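This report walks through a sheet and a set of charged side-chain pairs. Keep the structure open while reading.

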Amino acid sequence: MSALQGKFVIIMTGMSTLLQIELPRRRRGTAGGARGGLLKPLARRVGRAIQDFRMIEDGDRILCAMSGGKDSYAMLHVLDHLRARAPVKFELLAVTVDQGYRGFQTEVLERYFREKGFAYHIERTNIAEVIDDTMPLGDTHCSMCARLRRGVLYRLAPDLGCNKIALGHHADDLLETLLMSQFFNGEICSMPPILKARDGRNTVIRPLCYVWEDEIIRFTAEAGFPVICCACPACGDNSLKRKQMKLLLQRLEADHAGIKASLLRALSNIRTEHLLDRRFLSALAGKTIAVPGWEAEPPGPAPDKPIPGA
């Protein structure tokens, strides 16, 4: 891994594997703090995403999901920077969901919010206990924890007077999700920049959807955010599918510079008539899809060995 991406140090404890990010040091002459050299370029990218997808409107009160990781810190600070300059008025509320894992340092977040003057709320839960007791076979800590935390945020947002929930997913997260959905779920989908929740009350936004993870790592180093770990037992597990997709994308980008940018553009340049989804094929418009006597099932898995004569 290059110095640009930072180094990852795994610390084994009795309860969990903690992943700490060893960030690159600030270069001499670089402006210090969150007002440094990377803030404005990132703010322009986030501002463009907000405008492209109409994420923020006048009067919004936005719940910013703060895990204590680099992505949530970057999102909160960029949105705060834009709030002072935006043509519309909106409020930010930093909300942290304590999953209940031993070693999660809520005091670090609380101290930071108070020092920086951010309005905040800490919600303590028993998510860790629920996962240990009920996690289905084949599921992972990360996926189940994410669903449970999302449910907590959906419940909290209306109670705290927030009409939108901002999540810190960046461009790399979108691409990893795209690959995971194709490789393991047999569908083409990713994380939308704005989503109306099924509960009909909450709207989820992802302001960092145009920002790359390595940029966030450098910005975190420049600003000196006090990054903490979620303290989950699965933290730092390289066998997780998302981690495998991250490593795959890194290898592809190293061999073919610009491939990630091309994949991100592909998410907004969909040619539906060039896929196998019969709902979008104009040649089938008005025709009955299921024809008796013809095989209706898609082909099965590819054979392990080449077919003779093929």
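In this predicted model, Ile62 stands opposite Lys164 in β6. That contact belongs to the pairing of β3 with strand β6 (residues 164–166), which is parallel and runs over three bridges.

**The sheet**

Ile62 also has a partner in β4: Leu92. Here β3 and strand β4 (residues 91–98) run parallel and are joined by five bridges. Is strand β3 (residues 61–65) mostly covered or mostly open? It is mostly covered, with four of its five residues buried. A right-handed β-α-β unit is made by β3, α2 and β4.

Now widen the view. Six strands form an open sheet, and their order is β5-β4-β3-β6-β8-β7. The pairing in this sheet is mixed. Which strands sit at the edges? They are β5 (120–124) and β7 (194–196), each of which pairs on one side only. From one strand to the next, the twist averages 25°.

At the β7 edge, three bridges join β7 to strand β8 (residues 203–205). These two strands run antiparallel. Leu195 stands opposite Val204 in β8. Helix α3 (residues 106–116) packs on the sheet and touches β4 and β5. The direction of α3 makes about 165° with that of β5. As background, strands of a sheet pair through backbone hydrogen bonds, either parallel or antiparallel.

**Salt bridges**

Next, the charged side chains. Side chains of opposite charge can pair when their charged atoms come close. How many salt bridges does the model hold? The count comes to 17 salt bridges. Three of them are set out below, among the 17 counted.

| Basic residue | Acidic residue | N to O distance |
|---|---|---|
| Lys70 | Asp71 | 3.3 Å |
| Arg83 | Asp80 | 2.7 Å |
| Lys260 | Asp172 | 2.6 Å |

Take Lys70 and Asp71, whose side chains meet in a salt bridge. Are these two residues buried or exposed? Lys70 counts as buried because its relative accessibility is 9%, under the 20% cut-off. Asp71 has 17% relative accessibility, so Asp71 counts as buried too. This pair does not stand alone: Lys70, Asp71, Glu176, Glu213, Arg242 and Lys246 are linked in a network of salt bridges.

Arg83 forms a salt bridge with Asp80. Where do the two lie in the chain? Both are in helix α2 (residues 70–83), three residues apart, so about one helical turn separates Arg83 and Asp80. Their surroundings can be compared by accessibility. Arg83 counts as partly exposed because its relative accessibility is 38%. Asp80 is buried, with a relative accessible area of 19%.

Lys260 and Asp172 also meet in a salt bridge through their side chains. This pair links distant parts of the chain, with the two positions 88 residues apart in numbering. Lys260 lies in helix α9 (residues 259–266), and Asp172 lies in helix α6 (residues 171–185). Both Lys260 and Asp172 are buried.

**In brief**

Strand β3 pairs in the parallel sense with β4 and with β6. Ile62 has a partner on each of these strands: Leu92 in β4 and Lys164 in β6. Among the salt bridges, Arg83 and Asp80 lie within helix α2, whereas Lys260 and Asp172 link helix α9 with helix α6.

Key. Residues numbered from 1 in each chain as written. Predicted model: local features only at pLDDT ≥ 70, side-chain atom pairs only at ≥ 80, totals over all residues. Heavy atoms only, no water. Salt bridge = Lys/Arg side-chain N within 4 Å of Asp/Glu carboxyl O. Buried < 20%, exposed > 50% of the residue type's maximum accessible area, 1.4 Å probe, protein only. Pairing = 2+ DSSP bridges. Right-handed = clockwise from strand over helix to strand, strands pointing away. Axes fitted to C-alpha atoms, helices over the stretch in contact; angles between N-to-C directions. Contact = heavy atoms within 4.5 Å.
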